[in-house]
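Visitor: I'd like a close look at one thing here: the empty space in this protein, and what surrounds it. Could you walk me through it?

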Amino acid sequence: MPVLLHEVIDGLQIIPSGIYVDCTFGGGGHSKKILEKLSSEGKLVAFDQDEDARKNIPQDERVIFVPHNFRHLQRFLRFHKISKVNGILADLGVSSHQINEAERGFSTRFNAALDMRMNQNEKTSAADILKSYSEEKLHKIFEQYGEVTNSKTLAKTIVEIRKSQALDTINEFKNAIYAVVKGNPEKYFAQVFQALRIEVNDELNALKELLQQSSDVLEDEGRLAIITFHSLEDRIVKNFFRYGNMEGEQANDLYGKLRTNELKVITKKPIIPSAEEIKMNPRARSSKLRIAEKRKVSE
Ligand SMILES: C[S@@+](CC[C@H](N)C(=O)[O-])C[C@H]1O[C@@H](n2cnc3c(N)ncnc32)[C@H](O)[C@@H]1O
């Protein structure tokens with residue numbers, strides 16, 4: 001069930017003959033609606049780094065599937081002889097398919113290999129990280145990406161335990177760290193798993209690289225819509241839309257004048273799902289949609 005579907009479609013202001021990019025095709029829910037709005041001249045470029053998404057691609061001449069990371073947006077658009085697009089959507093994070101397939105290793109509900117790679121051609125799984133990262137690096141990941149309250153103790157415990165025990169599966173890992181769980185175990189494991197997932201898939205850097213290319217790729221008045229699911233991602237998107245950089249710093253031009261950002265913020269506050277949508281689709285709970293528009297050169 002696509003999150004904030006109507007809000008995304010409204011926000012993209014789709015031009016029927018335009019070219020649109022869905023950076024996170026997944027089950028194709030958002031793409032399906034975009035295609036409904038496009039005429040026979042329109043085009044949809046659908047990225048997904050998970051090969052499993054390919055089976056959801058419709059038989060439709062207007063669709064180009066790019067089975068790669070969206071951090072290579074511009075490169076693959078060029079490859080398909082596209083220099084500018086009218087709109088870009090990214091619905092970040094994992095799909096229900098990925099979460100519900102036990103063997104992908106994303107969910108704390110199952111026991112399977114601790115994998116968590118969205119792109120199964122990548123080398124490093126979550127288990128590899130637990131085996132090979134230093135204590136300091138593990139500490140940083142759990143603190144920054146999971147906001148785990150006792151991240152230092154957790155990192156120390158992992159490094160100690162891995163000397164004598166395997167941490168290859170979800171249950172092995174959960175049992176090994178059970179003694180240091182703080183508060184509600186379900187919430188604790190969710191934070192720990194989120195941190196590992198972000199690291200395995202280098203999610204924040206991929207998002208930054210996508211944002212950096214977006215204004216080059218957008219036509220004047222083209223729209224960029226990003227759905228995030230946690231505050232780390234949302235902060236990056238908010239800062240980039242507002243200031244043109246991830247740190248949220250106001251930049252001056254050569255003459256000391258405040259530099260105008262190439263993107264104009266359309267959603268001063270993020271759009272969040274209604275209570276009704278959350279009831280129907282609990283995955284929507286923490287979602288936030290932000291929309292920006294590429295400024296016309298004359299503005
Ligand atoms: C939340 S789901 C998208 C669901 C989709 N909007 C729908 O309506 O079905 C996110 C999808 O994006 C993919 N994905 C996440 N990060 C990616 C990245 N950096 N590059 C390419 N695909 C990515 C995941 O593999 C997953 O299939």
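Visitor: How do the residues of the lining of the largest pocket divide into nonpolar, polar and charged?

Guide: Quick caveat: this is a predicted model, where local features need pLDDT of at least 70, side-chain atom pairs need 80 or more, and totals for linings use all residues. Numbering runs from 1 along each chain as its sequence is written, and side-chain values use heavy atoms, without hydrogens or water.

The split is eight nonpolar, 11 polar and seven charged (Gly counts as polar; Asp, Glu, Lys and Arg as charged). A pocket is an open set of 1 Å grid points with protein on both sides within 12 Å along at least five of seven lines, lined by residues with an atom within 4 Å of a point. This one holds about 1,100 Å³ of space. Of its 26 lining residues, Ile 99, Ala 190, Gln 194, Arg 197 and Arg 285 come closest to the centre. Helix 4 (96-100) and helix 9 (185-200) are the elements that give two or more residues to that lining. Helix 9 gives the most, with seven.

Next door in the ranking, the second largest pocket has about 600 Å³. Thr 24, Gly 26, Asp 91, Gly 93 and Ser 95 are the closest to its centre, out of 37 lining residues. Helix 2 (29-37), helix 4 and helix 10 (203-217) each put two or more residues into the lining. By class, that lining comes to 12 nonpolar, 16 polar and nine charged residues.

The ligand takes up this second largest pocket (more than half of its atoms lie within 2 Å of the grid points). Asp 91 turns up again here: one of its polar side-chain atoms lies 2.8 Å from a nitrogen atom of the ligand. The backbone joins in too, with a polar atom of Gly 27 at 2.9 Å from a ligand oxygen and one of Gln 49 at 3.1 Å from a ligand nitrogen.

There's also one cavity of 30 Å³ or more, a cavity being a set of points where a 1.4 Å probe fits but cannot get out. Its volume is about 40 Å³. Lys 238, Phe 241, Arg 242, Val 265, Thr 267, Lys 268 and Arg 290 line it. Helix 11 (residues 231-243) gives the most to that lining, with three residues. Class-wise, you get two nonpolar, one polar and four charged.

Definitions and conventions. Polar contact = N/O pair within 3.5 Å; in protein donor to acceptor, adjacent residues only side chain to side chain. Points joined across faces, edges and corners; volume = space filled by probe spheres on them. Helix = DSSP H or I, 4+ residues; strand = E, 2+ residues; numbered from the N terminus.
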